[in-house]
Amino acid sequence: MKIQSLQYFVTLAETGSITRAAHQLYVAQPSLTKSLKLMEEELGFTLVERSASGVRLTEKGSRVFAEARQILEFYDGWKEMGRKDDLRQIELYTYISFPDFLLPDIVLRYRKKYPELSIGFNVSEKPEAFISRSANKPVLSLVMCHQNEQLARLTQIQGNPPVLLMSGEYRCLVNARHALASHSSVTMDELKNFYLILPDMKEEERASEMPEGFLDGLLCQSPEQKKVGVETVANVIPLVEKDDESYALSFWPAAKRYKGVQEGRLVCVPIADECARGQFMLCYSRQAYDRYPVVRQLVEDIRAAARTFLRQNPAAEP
């Protein structure tokens, strides 16, 4: 069976008319009818039923139609692989609190392996704002998702579901001397008695990377004099490690990457609020994934890095 036969059949099924299909394919109606007949003879069953109003797929024809469309999509992808890969740029975005997580080693490795390819590594308060379906200028964004509505929204924007890298929760990060360090959990009401250390972001940007409503709730309960903004996220951890009256918010299990957590100088205390839970997701364009082997490999390497991190840092309580 020729690819052309599948193309003819799919177009016929989509238009529902031999006349419209022949016009769209720029072929004579007898050629289209002959192609369909040969395809039915080869398969051994009828694909369409003809009537005065057009053609209608049989039950078996409907199944063949769905699978034929997939085959044609694969075929188009195979042809793209055979053409010159003219990709020149890939942009990666991650949250401001994850600049050192998963991506830096991968970006460095790819920059060395593909010196002709511009690979941007961007830290943003709103990486979800850069999600793109474009296959010509691929964007990969690491985002935090909390609710099913958020996941549906990201999927709609992206055109395909994001990849789950890890599930977890935002926790209260304190040093081992802190009054909360021995608690099995902490309430948001208890946290208002301590200093919340945050990167110095604009007010409207603060809630972007936290599960919806979570950081807003903390900010509303925390007195203004208890909020401390620092210049960059890199300043947050050292300050919390030194000060016994301050805390930060850190996503668990990603917080296990901090040396202070590994060595017991820092403790991640669970927060007794369902809004603290979230999923760390990778958004990417499926079109770019199918078209460019380098994008496909990059997505898979990020997934593998997340799996390796979780394997090396099992979900034991701190």
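This is a short walk through one predicted model, from the whole chain down to a few single residues.

Let me begin with the chain as a whole, which has 318 residues, 47% of them counted as buried, and which contains 12 helices and 11 strands. The accessible surface comes to about 16800 Å², and carbon and sulfur atoms hold 49% of that area. If we take the contacts in the chain with a separation of 6 or more, 78% of them are between residues 24 or more positions apart.

With that background, I would like to turn to the interior. Which residues touch the most other members of the largest nonpolar core? They are Leu140 and Phe280, in a core that numbers 59 residues, and the element that gives the most to this core is helix H12, residues 293–312, with 7 residues. If we set aside the neighbours of Leu140 within four places in sequence, its contacts include Ile90, Glu91, Leu92 and Tyr93, and also Leu282, Cys283 and Tyr284, as well as Val295, Leu298, Val299 and Ile302. Apart from this core lies another, of 18 residues, and among them are Leu32, Leu36, Leu47 and Leu72.

Ile90, which I just named as a contact of Leu140, is a good place to continue, and this residue is found in strand S3. Is Ile90 buried or exposed? At 1% relative accessibility Ile90 counts as buried, because the cut-off for that word is under 20%. Its contacts, again without the neighbours within four places, include Leu117, Ser118, Ile119 and Gly120 on the one hand, and Val294, Val295 and Leu298 on the other. Pro138 is also among the contacts of Ile90, and although these two residues are 48 apart along the chain, their C-alpha atoms are separated by 5.2 Å.

Staying in strand S3, which covers residues 89–95, we come to Thr94, and this residue is buried, with a relative accessible area of 0%. Beyond the residues up to four places away in sequence, Thr94 touches Pro99 and Leu103, then Phe121, Asn122, Val123 and Ser124, and finally Pro127, Leu142 and Phe280. Phe280 in that list is one of the two residues that touch the most other members of the largest core.

Phe121, another contact of Thr94, has its place in strand S4, residues 118–124, and here the description changes, since Phe121 is partly exposed, with a relative accessible area of 26%. Leaving out residues up to four places away, Phe121 touches Leu92 and Thr94, together with Pro99, Leu103, Pro104, Val107 and Arg111. The C-alpha atoms of Phe121 and Leu140, which are 19 residues apart along the chain, are separated by 9.8 Å.

Next, a pair of helices. Two packed helices are described by the angle between their axes and the distance between the axes. Helix H1, residues 3–15, packs against helix H3, residues 29–43, at an angle of about 105°, and their axes are 10 Å apart, so H1 and H3 are roughly perpendicular to each other. On the H1 side the residues that meet the partner helix are Ser5, Leu6, Tyr8, Phe9 and Leu12, and on the H3 side they are Leu32, Ser35, Leu36 and Met39. These residues divide into 7 nonpolar and 2 polar, with no charged residue. Also in helix H3 is Leu38, which counts as partly exposed at 47% relative accessibility, and whose C-alpha atom is separated by 8.8 Å from that of Ser5, 33 residues away along the chain.

Finally, some details of the backbone. Most residues other than glycine have a negative phi, and most peptide bonds are trans. Where, then, does Tyr26 lie, with its positive phi of about 60° although it is not a glycine? Tyr26 is found in the loop between helix H2 and H3, and this residue is exposed, with a relative accessible area of 76%. Leu102 is likewise not a glycine and has a positive phi of about 70°; Leu102 lies in the loop between S3 and helix H5, but counts as buried, at 12% relative accessibility. My last point is the peptide bond that joins Trp252 and Pro253, which is cis, with omega about 20°, and Pro253 itself lies in the loop between strand S9 and helix H10.

Terms used: Residues are numbered from 1 along each chain as its sequence is written. This is a predicted model: local features need pLDDT of at least 70, side-chain atom pairs count only at pLDDT 80 or more; totals for chains, interfaces and linings use all residues. Side-chain values use heavy atoms; hydrogens and water are left out. Helices (H or I, at least four residues) and strands (E, at least two) are DSSP runs, numbered from the N terminus. Buried means under 20% relative accessible area, exposed over 50%, partly exposed in between (1.4 Å probe, protein chains only). Contact means heavy atoms within 4.5 Å. Accessible areas come from the Shrake-Rupley method with a 1.4 Å probe; for residues, only the protein chains shown count as cover. Axes are lines fitted to C-alpha atoms, for helices over the stretch in contact, and angles run from 0 to 180 degrees between N-to-C directions. Angles under 35 degrees count as roughly parallel, over 145 as roughly antiparallel, 65 to 115 as roughly perpendicular and the rest as oblique. Ala, Val, Leu, Ile, Met, Phe, Trp, Tyr, Cys and Pro count as nonpolar, Asp, Glu, Lys and Arg as charged, and the others, Gly among them, as polar. A nonpolar core is a set of buried Ala, Val, Leu, Ile, Met, Phe, Trp, Tyr and Cys residues joined through side-chain atoms within 4.5 Å.
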